[in-house]
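Biologist: I am new to this structure and would like a close look at a single part. Please take me through the salt bridges, and then show me what lies around them.

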Amino acid sequence: MAQEGRQPSMTWLFFSPSGRIGRLPFFLSWLFWFLVGCVFLMQMLKNENEDTALALWTLALVVSGVLSTVSIAMLAIKRLHDIGYPGPLALCLFIPVLSPIVFIALCLWPGTKGENEFGGPDSGPGR
């Protein structure tokens, strides 16, 4: 049973496939993961002569890469729900030739107005 008045959380935004999100939250979430990866990569390059620090920053980059991959897939599923398409189409983001096209389409394609089969335009967690 859905709880009325439940506010979206960061866990829902980044790691849940349910609900819908608009273009701006999708793009800003993708940009967040991109910047996290850049920071870790920058730290790796800065510490390339220190073995321990390099190993730790490399581990941090790998972990953030796994988390960002899962998160971007969940974000794409919610974005596809907003457009009115089923979530499994998010797999197109993992096809090298299609991924830039799909990403640009998800950033630019407006969502459906009002309710669709995946919920209302403000459908957050548990709605």
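Modeller: A salt bridge here is a side-chain nitrogen of Lys or Arg within 4 Å of a carboxyl oxygen of Asp or Glu. Keep that cut-off in mind. The model is a predicted one.

Start with the chain as a whole. The protein chain has 127 residues, and 35% of them count as buried. Its secondary structure comes to four helices and zero strands. Along the sequence the pattern reads α-α-α-α. Among contacts with a separation of 6 or more, 69% join residues 24 or more positions apart.

Now the part you asked for. How many salt bridges does the rule give? The count is two. One joins the side chains of Asp82 and Arg20, at 2.8 Å from N to O. This pair links distant parts of the chain. Asp82 sits in helix H3, while Arg20 sits in the loop between H1 and H2. The two are 62 residues apart.

The other salt bridge joins the side chains of Arg79 and Asp82, at 2.6 Å from N to O. Here both partners lie in helix H3. They are three residues apart, about one turn of the helix.

Asp82 takes part in the bridge to Arg20 and in the bridge to Arg79. Arg20, Arg79 and Asp82 are thus linked in a network of salt bridges.

Are these residues buried or exposed? The cut-off for buried is under 20% relative accessible area. Asp82 has 7%, so Asp82 is buried. Arg20 has 3% and counts as buried because that value is under the cut-off. Arg79 has 0%, so Arg79 counts as buried as well.

Stay with the loop between H1 and H2 for a moment. Ser16 has its place there, after helix H1 (10-15). What is Ser16 in contact with, leaving aside its neighbours within four places in sequence? The partners are Thr11, Met74 and Lys78. Ser16 has a relative accessible area of 15%, so Ser16 is buried.

Next, move to helix H4, residues 99-108. Its buried residues are Ser99, Val102, Phe103, Leu106 and Cys107. They cover an arc of only 135 degrees around the axis, which means they are on the same side of H4. What do these buried residues pack against? Helix H2 (23-46) and helix H3 (51-83). So H3, the helix that holds Arg79 and Asp82, is also a packing partner of H4. On the other side of H4, Ile101 and Leu108 are exposed.

Last, the largest pocket. Its volume is about 150 Å³. Its lining is made of Leu80, Ile83, Tyr85, Leu89, Cys92, Val102, Ala105, Leu106 and Trp109. Which elements give two or more residues to that lining? They are H3 and H4. H4 gives the largest share, three residues. Val102 and Leu106 appear in this lining, and both are also among the buried residues of H4. The lining divides into nine nonpolar residues, no polar and no charged.

To sum up the part you asked about: two salt bridges link Arg20, Arg79 and Asp82 in a network.

How values were computed. Residues numbered from 1 in each chain as written. Predicted model: local features only at pLDDT ≥ 70, side-chain atom pairs only at ≥ 80, totals over all residues. Heavy atoms only, no water. Buried < 20%, exposed > 50% of the residue type's maximum accessible area, 1.4 Å probe, protein only. Arc of directions from axis to C-beta. Contact = heavy atoms within 4.5 Å. 1 Å grid on protein atoms, 1.4 Å probe; cavity = no way out; pocket = protein on both sides within 12 Å on 5 of 7 lines; lining within 4 Å. Points joined across faces, edges and corners; volume = space filled by probe spheres on them. Nonpolar A, V, L, I, M, F, W, Y, C, P; charged D, E, K, R; others polar.
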